[in-house]
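Have the model open and ready to rotate. We'll take a short walk through it, starting with charged side chains and ending at a greasy bit of surface.

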Amino acid sequence: MTKQTKTIIGIVVFAAFLIIVYWGYTILSKTFNPQDPASNNTGSSQADELQAAPDFTVFDQDGNPVKLSDFAGKPVVLNLWASWCPPCKSEMPHFNTVYQNQKDAVVFLMINQVDGQRETKEKGLMYITDQGFDFPIYFDTELEASIAYGVSTLPTTLFISPDGKIVSGYRGAIDEATLLSGIESIKN
């Protein structure tokens, strides 16, 4: 293959890459909702203005289906994470500490976003086990929860009231004080 042929192939591949990126950006831009619950970092004072939390199904460690609606009537901390995600790893110790103190009052849905390639159930489970975290984890193997909430950033944490309303949410890692504040906003 000549140098000129290699150059032409490189230009064509780069142009194809740019077209794919533009197409992806266009699709994602159309589906992005800037008013989604995870962009609300301040919560709302009017319960009737809060968005209902969409139901979804994830799986526990034994492969049993678990739905958000299974926890109706209880405050829920919903966290989507992956073991390859450094910000997720940075907040996990905070979640574990708070879980130890709040597990009887609040449901923690620590949902591992499993894509089957970069993140697998085995990788997520191994990370939690190796770190000695005690909270239960669930696996979003069909990405149903991620899609229901439009999760494009990991970690994402949502605080859901006992009546199934999203009170507040955060994209990116949160600290213990923020986690405790979010929990107070959803307790009865």
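A salt bridge here means a side-chain nitrogen of Lys or Arg within 4 Å of a carboxyl oxygen of Asp or Glu. Keep in mind that this is a predicted model. By that rule, the count comes to 1 salt bridge. The partners are glutamate 184 and lysine 187, whose closest N and O atoms sit 3.6 Å apart. Lysine 187 is partly exposed, because its relative accessible area is 30%, and partly exposed covers the range between under 20% (buried) and over 50% (exposed).

Now go back along the chain to aspartate 175. You'll find this residue in the loop that links β8 (165–171) to α5 (176–186). What does the side chain of aspartate 175 touch through a polar contact? The partner is the side chain of threonine 178, at 2.7 Å. With a relative accessible area of 37%, aspartate 175 also counts as partly exposed. For a look at how the fold brings distant parts of the sequence together, check methionine 92: it is 83 residues from aspartate 175 along the chain, yet their C-alpha atoms are separated by 9.3 Å.

Last stop: helix α1, which runs over residues 3–31 and holds leucine 18. Leucine 18 has a relative accessible area of 43%, so it is partly exposed. Leucine 18 doesn't act alone at the surface, either: together with Phe14, Phe17 and Val21, it makes a nonpolar surface patch of about 400 Å².

Notes:
Residues numbered from 1 in each chain as written. Predicted model: local features only at pLDDT ≥ 70, side-chain atom pairs only at ≥ 80, totals over all residues. Heavy atoms only, no water. Helix = DSSP H or I, 4+ residues; strand = E, 2+ residues; numbered from the N terminus. Buried < 20%, exposed > 50% of the residue type's maximum accessible area, 1.4 Å probe, protein only. Polar contact = N/O pair within 3.5 Å; in protein donor to acceptor, adjacent residues only side chain to side chain. Patch = residues over 30% accessible without salt bridge, like charges linked within 9 Å, V, L, I, M, F, W, Y side chains within 5 Å. Areas by Shrake-Rupley, 256 points an atom, 1.4 Å probe, with all protein chains shown as cover.
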